[in-house]
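Trainee: Before we discuss any details, could we put the model on the screen and go through it step by step?

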Amino acid sequence: MSSSPSDPRRELAADPDDPEAAARHRAELRRRSSKDHFAVIACVHGNLPALEAVFADIDRREILRVVCLGDIVGIGPNPVECVDLVFERC
């Protein structure tokens with residue numbers, strides 16, 4: 001994918017090891033995006049490895065908006081981590 005100065009998805013300076021900088025980076029990309037693409041997630045049920053894989057795929061596809069329909073916690077082993085990640089990314 002080529003990137004031009006007017007491309008809203010062009011890379012901004014962000015430290016990948018700083019979660020707050022990464023969140024600000026994603027927020028800025030969302031603000032600049034003129035695309036109407038979005039991802040919808042649901043039924044996470046505390047499954048952190050699966051949620052991380054889904055977000056990795058969302059990032060690979062350069063989708064900037066994510067909507068969560070619910071069921072973040074439940075039977076899985078990582079409910080707190082899943083809630084934190086969903087609140088950060090959705």
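Trainee: In this predicted model, what pattern does the protein follow when read along the sequence?

Mentor: Keeping in mind that we are looking at a predicted model, we can begin from the inventory of secondary structure, which holds three helices and two strands. Read along the sequence, these elements follow the pattern α-β-α-β-α.

Trainee: What percentage of the residues of the protein count as buried?

Mentor: A residue is called buried when its relative accessible area is under 20%. With that cut-off applied to the 90 residues of the protein, the buried share is 29%.

Trainee: How are the axes of α2 and α3 oriented: roughly parallel, roughly antiparallel, roughly perpendicular or oblique?

Mentor: The two axes come within 10 Å and cross at roughly 20°, and the crossing is left-handed. Since angles under 35 degrees are counted in one class, the orientation of α2 relative to α3 is roughly parallel.

Trainee: Which residue of α3 meets D59 in a salt bridge?

Mentor: Helix α3 covers residues 79-89, while D59 lies in helix α2, so the pair ties together parts that are 30 residues apart in sequence. D59 is partly exposed, with a relative accessible area of 38%, whereas its partner counts as buried at 7%. The side chains meet with a distance of 2.5 Å from N to O, and the partner is R89.

Trainee: How many salt bridges does the structure hold?

Mentor: One of them joins R89 and D59. In another, the side chains of D57 and R60 meet at 2.8 Å, N to O, and D57 also forms a salt bridge with R61, where the closest N and O atoms are 2.7 Å apart. The count for the structure is three.

Trainee: Which residues are linked with D57 in a network of salt bridges?

Mentor: D57 counts as partly exposed at 27% relative accessibility, and both of its salt-bridge partners are arginines that count as exposed, one at 58% and the other at 52%. The first of these arginines is three residues from D57 in helix α2 (residues 48-60), so that the two are separated by about one helical turn. The residues linked with D57 in the network are R60 and R61.

Trainee: Is I58, which is placed in helix α2, buried or exposed?

Mentor: Along the chain I58 and A39 are 19 residues apart, yet their C-alpha atoms are separated by 7.2 Å. The relative accessibility of I58 is 5%, and because the limit for the buried class is under 20%, I58 counts as buried.

Trainee: What is the accessible area of the nonpolar patch on the surface that F38, V40, V67 and L69 form?

Mentor: One of its members, L69, is placed in the loop between β2 (65-68) and α3, and L69 counts as exposed at 63% relative accessibility. Taken together, F38, V40, V67 and L69 have an accessible area of about 400 Å².

Key
Residues are numbered from 1 along each chain as its sequence is written. This is a predicted model: local features need pLDDT of at least 70, side-chain atom pairs count only at pLDDT 80 or more; totals for chains, interfaces and linings use all residues. Side-chain values use heavy atoms; hydrogens and water are left out. A salt bridge is a side-chain nitrogen of Lys or Arg within 4 Å of a carboxyl oxygen of Asp or Glu. Helices (H or I, at least four residues) and strands (E, at least two) are DSSP runs, numbered from the N terminus. Buried means under 20% relative accessible area, exposed over 50%, partly exposed in between (1.4 Å probe, protein chains only). Patches are made of residues with over 30% relative accessible area and no salt bridge: like charges are joined within 9 Å, nonpolar side chains (Val, Leu, Ile, Met, Phe, Trp, Tyr) within 5 Å. Accessible areas come from the Shrake-Rupley method with a 1.4 Å probe; for residues, only the protein chains shown count as cover. Axes are lines fitted to C-alpha atoms, for helices over the stretch in contact, and angles run from 0 to 180 degrees between N-to-C directions. Angles under 35 degrees count as roughly parallel, over 145 as roughly antiparallel, 65 to 115 as roughly perpendicular and the rest as oblique. A crossing is left-handed if the near helix is turned anticlockwise from the far one by less than a right angle, and right-handed if clockwise.
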